[in-house]
Amino acid sequence: MKKYVSLVFAALLLSSCNDGEIIVTDFNFDDPQLNWCGDTQSQVLYKLNNTGVNEAIALRFELDTPNEQFFLKEEGQLEISLNETTNQVIYRVFDGEVQKSYFCNEIPPVSPKVTEEYRSTTGGEVVITSTLSNATDHDGDGVPSADEGIESGLDTDGDGIPDYQDVDDDGDNILTRVEREIEAENTVNTYGDSDNDGIPDYLDADDDNDGVPTRNEDWNLNLNPADDQNEEGLAHYLNPDITDSFTVEGVRENRISRSFRYLVTINNLTLVNQGGDGEQIRLQDYELGVITSPTENILIEPTDGEENEEEDNQ
Ligand SMILES: [Ca+2]
Ligand SMILES: [Ca+2]
Ligand SMILES: [Ca+2]
Ligand SMILES: [Ca+2]
């Protein structure tokens, strides 16, 4: 007769040995971090525990459409139905230390030996939820996206790149992360306002209010007006007495870093012991763990307002 163990967010796994001895295994792998290996179709997400007991839990699944890897490149959810062939959760206890390479080899190593194995049955569902890792400051310019008008799509310089994705919000060829740190006598919301016109430098296309746009005060035409200075080190673009104007072609590249965090949960997970009496473990809502995608370097080209993203892996 089968024994049924019903657990929600299981902390312990009780398993019976043939001789009746009860082994208490830590099923709640302390570290939520998952490892990944796979090819264009077969994917494995797994984690290991070699503290006190040698155990591993893995989710194997296959992509419907062959892809580089399972990682979604957008926020959303990927749902995978468990079955008994291609998409399965496997929990194993070993007689020795288990290495990271264990699940990534086509042929499992001879040792350590598996002493207990549980496999999931058909019926459960895996949900992989992806969220942006840097959703509070998408462009990494130090001004929170919420303050950069992410809701309204504010585009201060009108280059088609909204402020929350624009590394140079006023289009003056001095990056926002530089301008927001400029120390000025006057400030707006803690950001320096060199000409005290109520517009902080990082949003002001003419920082010294001398009538010459900052981007045109670029004496050496290197797309960086900040390095053109007088002997005292005062940049011409912050010096209202200097009004030389140059025709400057082009803008700084708008590159931002992006990565996603994936939370893997499994609903209605039933694990069946592959040996002995077929003991079952049922988990209504099991959190397998989290994994983060590699960081991508995204180039966003200025447009007339149309979406135009080009991906460029680092
Ligand atoms: Ca812009
Ligand atoms: Ca920005
Ligand atoms: Ca700027
Ligand atoms: Ca200003």
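Me: Which residues do ring pairs link into a cluster?

Reply: Tyr 46, Phe 94, Tyr 102 and Phe 103. The model is predicted. Across the whole structure, a search returns 6 aromatic pairs.

Me: What makes Tyr 46 and Phe 103 an aromatic pair, and why is it called tilted?

Reply: The ring centres are 5.5 Å apart. Rings pair if their centres lie within 6.5 Å, so this pair qualifies. The planes make an angle of 40 degrees. Stacked needs under 30 degrees and edge-to-face needs over 60, so tilted is what remains.

Me: Which parts of the chain does the pair of Tyr 46 and Phe 103 tie together?

Reply: Tyr 46 belongs to strand β5 (residues 42-49), and Phe 103 to the loop between β8 and β9. The two parts are 57 residues apart in sequence, so the pair ties them together. Both Tyr 46 and Phe 103 are buried.

Me: Where else does Phe 103 appear, and which residues lie nearest the centre of the largest pocket?

Reply: Phe 103 is one of them, with Ser 42, Val 44, Arg 60 and Asn 105. The lining counts 21 residues. β4 (35-38), β5, β6 (55-62) and β8 each give two or more residues to it. The pocket holds about 370 Å³ of space.

Me: How many residues of each class does the lining of the largest pocket have?

Reply: The split is 8 nonpolar, 7 polar and 6 charged. Among the residues nearest the centre are Val 44 and Arg 60. Val counts as nonpolar and Arg as charged.

Me: How do you know that β8 and β9 pair?

Reply: Pairing needs at least two bridges. Strand β8 (residues 88-94) and strand β9 (residues 114-120) have 5 bridges between them, so they pair. They run antiparallel. Ile 90 faces Arg 119 of β9.

Me: What makes β9 and β14 a pair?

Reply: There are 3 bridges between β9 and strand β14 (residues 260-273), and at least two are needed, so they pair. The sense is antiparallel. Ser 120 has Leu 271 in β14 as its bridge partner.

Me: Which peptide bond is cis?

Reply: The one from Ser 111 to Pro 112, with omega near 5 degrees. Pro 112 sits in the loop between β8 and β9.

Me: What makes Asp 155, Asp 157, Asp 159, Ile 161 and Asp 166 donors of the calcium ion (ligand 1)?

Reply: Their donor atoms lie at 2.2 to 2.4 Å. The limit for Ca is 3.2 Å, so they count as donors. Ile 161 gives its O atom, while Asp 155 is one of those that give OD. The spacing in sequence is D-x1-D-x1-D-x1-I-x4-D.

Me: Why are Ile 161 and Asp 166 called buried?

Reply: Ile 161 has a relative accessible area of 1%. Asp 166 is also at 1%. Buried means under 20%, so the word fits Ile 161 and Asp 166.

Me: Which residues are the protein donors of the calcium ion (ligand 3)?

Reply: Asp 168 (OD), Asp 170 (OD), Asp 172 (OD), Ile 174 (O) and Glu 179 (OE), at 2.1 to 2.3 Å. Their spacing reads D-x1-D-x1-D-x1-I-x4-E. Asp 168 and Asp 170 are both buried.

Me: Why is Asn 173 called buried, and what is its phi?

Reply: Its relative accessibility is 0%, and the cut-off is under 20%, so Asn 173 is buried. Its phi is positive, about 70 degrees, although Asn 173 is not a glycine. Asn 173 is in the loop between β10 (125-132) and α1 (176-179).

Me: Where is Leu 223 found, and what is its phi?

Reply: Leu 223 lies in the loop between β12 (191-192) and β13. Its phi is near 60 degrees, a positive value in a residue other than glycine.

Me: Which residues are the protein donors of the calcium ion (ligand 4)?

Reply: Asp 193 (OD), Asp 195 (OD), Asp 197 (OD), Ile 199 (O) and Asp 204 (OD). They lie 2.2 to 2.4 Å from the ion. The spacing along the chain is D-x1-D-x1-D-x1-I-x4-D.

Me: Are Asp 195 and Asp 197 buried or partly exposed, and why?

Reply: Asp 195 is at 16%, which is under 20%, so Asp 195 is buried. Asp 197 is at 32%, in between 20% and 50%, so Asp 197 is partly exposed.

Me: Why is Arg 255 called partly exposed?

Reply: Arg 255 has 29% relative accessibility. That falls in between 20% and 50%, so partly exposed is the class. Arg 255 is part of strand β13 (residues 255-258). Its C-alpha atom is 6.5 Å from that of Asn 297, 42 residues apart along the chain.

Note on methods. Residues are numbered from 1 along each chain as its sequence is written. Chains are lettered from A and ligands numbered from 1 in the order in which they are written. This is a predicted model: local features need pLDDT of at least 70, side-chain atom pairs count only at pLDDT 80 or more; totals for chains, interfaces and linings use all residues. Side-chain values use heavy atoms; hydrogens and water are left out. Helices (H or I, at least four residues) and strands (E, at least two) are DSSP runs, numbered from the N terminus. Donors are N, O and S atoms within 2.8 Å of the metal (3.2 Å for Na, K and Ca); water is not among the atoms, so sites may look incomplete. Buried means under 20% relative accessible area, exposed over 50%, partly exposed in between (1.4 Å probe, protein chains only). On a 1 Å grid over the protein atoms alone, a cavity is a set of points where a 1.4 Å probe fits but cannot get out, and a pocket is an open set with protein on both sides within 12 Å along at least five of seven lines; lining residues have an atom within 4 Å of a point. Grid points are joined across faces, edges and corners, and a volume is the space filled by probe spheres set on the points.
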